[in-house]
Amino acid sequence: MKFAFRCIIPALVLVLSLSASGPAHAERVHALALHDTPKYGPDFTHFDYVNPDAPKGGLARFGAIGSYDNFNPFILKGIPASGIGRIYDTLMTKSNDEPFTAYGLLAESAEIAPDNTAITFYLHPEATFSDGEPVTADDVVFTFHALTEKGSPLYKRYYADVKAVTAVDQHTVRFDFVNGQNPELPLIVSELPVLPKHYWEGKDFSAVNLDVPIGSGPYKLSEYKTGSYVAYTLRDDYWGKDLPVNKGRNNFGTVRYDYYRDDTVAIEAFKAGEFDYRQERIAKEWATAYNGPPFDKGFIKLDEIQNSIPGGMQAFIMNTRRDMFKDPRVRYAMDFAFDFEWTNKNLFYGQYVRTESYFSNSELASFGLPSEDELKLLEPFRDQVPPEVFTTEYQAPKTDGSGNNRANLRKALELLAEAGYTLQNGVQTKDGKPLAFELMIRDPAFERIVLPYIRNLERIGVKVTPRLVDDSQYINRITAFDFDMITFPLGQSNSPGNEQRYYFSSEAADTPGTYNFMGVKSEAVDSLIDTIINSKSRGELITACRAMDRVLLWGHYVVPQWHTGYYRLAYWDLLTRPETIPPYGLDLWAWWIDPERAETIRAARGK
């Protein structure tokens, strides 16, 4: 899914131009594109970034952290097994070299109503589940209702503008929309994974389970040991292997995820040859851990590859449902206590840049003062948003990196004083209550990052208790909004839309299980989310995102952290990647195993 998770017959291309009138009449099309023309025509044979002749087969092993207790990734309960999404196909699938274009997968074509109030999908008649049963329109209808009624709250909000889903015949399904104002909605419903109705009959969809599921995708779950590993095998009978969107993809014969207690253990296991691939997210590890004989001998390759993926907002997130964070001046003071420049220099080896937008590393990020078009969106809420939204470009507090951040700490003290706090026995106190909170993390490697931040907060009289919890407790607590402050990445796509409700809407603030961890409740943000969803051009979308970005930034809901604009990849040389890495996604499923190198390397490492 965009939020996050082929065609055989020729058809005309449909561009969601988002004009009020729409096309003169409905056409069956092979691709849906938002604000653009699909790159690939109806007769395309494969995506440009794949190797259509890549060999298939071999075992690819990956590392996972923690454990799992659930093979149903669509519900809020439990921890789903890594890779479980590979057993399901969606109606259509994105290309990774376009911002947001979908091509036929389970659906061979689609037809949008001229007024954008409905979309009809025509399923491949030959599509089957892993048990041989056909994929039908009834399965699509069942899936939609299962996800929106019993699945994670994400789905109810993500598909909120869908009014009805109807099986027209065995291989035709129609989605009717509340109105025609949401131009992204056809693409959103095209991302729907399709589950087998016959498998789920008589089962509780909302319950955690470890029953081996039946899927519609290229892989099937073949072996597992709870808490240890899970493996998936490429289906010999996969009906869609020769579709254009699959050509050169799904190349691994077997994919296995081995679980490790934490990243420190996982890195050592990777270097010892226990698994084959890592995408490194910790700067210190990238700078110091990837060395030794396997690297010297060329058995392990290291790549840094630029991308155009929005970095979103990774941050210290404050829960405004807690009394101590209701005042934005207190939240802003927390920002002045974080010394990014010192952290980047001393802990990150200078690998990061400071995040100053909820849409970092993209054209969606705000900059300078609001444009005229932004002001038109913001002006109705002038009395409801911070005045800085109109007058000041947001910039995170900066230091010289020396560790002497007295000026910023003085500013923090001023803000706390404005909020009514006074120092009593070295502790910030208001109405007899000390300013104290818990900072919850789940990665032990993050302790070295949060401790300097905590020390700075203690220097201004704020008492912070770091709390390291395991994955299960962390997920349960953030799902229930049971935390004071966490560190979390709020990712974004190149085409924001309905998922913004799940992130920032007032309704989501009161709905456990959403990503509105901050508890944002703002009429301005709610209105701007609607504008984002209903944008009729790329320019309108960019304008609305930048306007919402300003409101969120000046609301001081988070202490922004950092981001990069590139992947850090380490992999044993038995894996081969295509020459071209697409700008909007890594697409590891276009990689393959070189049989000769695999034999050499596995012999050298004794595995």
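Here is a chat between a visitor and a guide about this predicted model.

Visitor: Let's start with the record. Which residues does the UniProt annotation "domain: Solute-binding protein family" cover?

Guide: The annotation comes from an unreviewed UniProt entry. In the model, that span is 30% helix and 23% strand, and its end C-alpha atoms lie 31 Å apart. The stretch the entry gives is residues 103–508.

Visitor: And the domain assignment, how far apart are the C-alpha centres of domain 1 and domain 2?

Guide: Domain 1 is made of 31–51 + 65–200, while domain 2 runs over 313–563. Their contact takes 21 residues from domain 1 and 24 residues from domain 2. From centre to centre, the C-alpha separation is 33 Å.

Visitor: How much area do domain 1 and domain 2 bury between them?

Guide: The size of an interface is often given as the accessible area lost when the parts come together. Here 55% of that area is on carbon and sulfur atoms. The total buried between domain 1 and domain 2 is about 1700 Å².

Visitor: How many salt bridges are there between domain 1 and domain 2?

Guide: Side chains of opposite charge can pair when their charged atoms come close. A search of the whole structure finds 33 salt bridges. Between domain 1 and domain 2, the count is 2.

Visitor: What does the side chain of D161 meet in a salt bridge?

Guide: The pair is 3.6 Å from N to O. A salt bridge here needs a side-chain nitrogen of Lys or Arg within 4 Å of a carboxyl oxygen of Asp or Glu, so the distance qualifies. The partner of D161 is R501.

Visitor: Now R157, which forms a salt bridge with E507: is E507 buried or exposed?

Guide: The closest N and O atoms of R157 and E507 are 3.6 Å apart. The pair links distant parts of the chain, with R157 in helix α2 and E507 in helix α16, 350 residues apart. R157 is buried at a relative accessible area of 10%. E507 has 52% relative accessibility, and the cut-off is over 50%, so E507 counts as exposed.

Visitor: How many residues apart in sequence are the parts that D276 and R602 tie together?

Guide: The side chains of D276 and R602 meet in a salt bridge of 3.6 Å, N to O. D276 lies in the loop between α5 and β13, and R602 sits in helix α19, so the parts tied together are 326 residues apart in sequence. Both D276 and R602 are buried.

Visitor: What about E356 and K398, how far apart are their closest N and O atoms?

Guide: E356 is partly exposed at 26% relative accessibility, and K398 is partly exposed at 48%. E356 lies in the loop between β16 and α10 and K398 in the loop between α11 and α12, so the pair ties together parts 42 residues apart in sequence. Their closest N and O atoms are 2.9 Å apart.

Visitor: Over to helix α1: which elements do its buried residues pack against?

Guide: Helix α1 (residues 137–150) has 14 residues and reaches 20 Å from its first C-alpha to its last, close to the 20 Å expected. Its buried residues include V140, V141, F144 and L147. The buried residues of α1 pack against β7, α2, β8, β9 and α4.

Visitor: I'm looking at N96. Which residues is N96 in contact with, leaving aside its neighbours within four places in sequence?

Guide: N96 is placed in the loop between β4 and β5. With a relative accessible area of 16%, N96 is buried, because the cut-off is under 20%. Its contacts are Y49, P582, P583, Y584, G585 and D587.

Visitor: D587 turns up there. What is the phi of D587?

Guide: D587 is in the loop between β26 and β27. Its relative accessible area is 8%, so D587 is buried. Although D587 is not a glycine, its phi is positive, about 50 degrees.

Visitor: And what is the phi of N116?

Guide: N116 is found in the loop between β6 and β7. At 12% relative accessibility, N116 counts as buried. N116 is not a glycine either, yet its phi is positive, about 60 degrees.

Conventions: Residues are numbered from 1 along each chain as its sequence is written. This is a predicted model: local features need pLDDT of at least 70, side-chain atom pairs count only at pLDDT 80 or more; totals for chains, interfaces and linings use all residues. Side-chain values use heavy atoms; hydrogens and water are left out. Helices (H or I, at least four residues) and strands (E, at least two) are DSSP runs, numbered from the N terminus. The expected span of a helix is 1.5 Å times one less than its number of residues. Buried means under 20% relative accessible area, exposed over 50%, partly exposed in between (1.4 Å probe, protein chains only). Contact means heavy atoms within 4.5 Å. UniProt positions are given in the numbering used here, feature names are shortened, and annotations may be inferred rather than shown by experiment. Domain bounds come from an automatic or database domain assignment. Buried area is the accessible area (1.4 Å probe) that two parts lose on being put together, summed over both.
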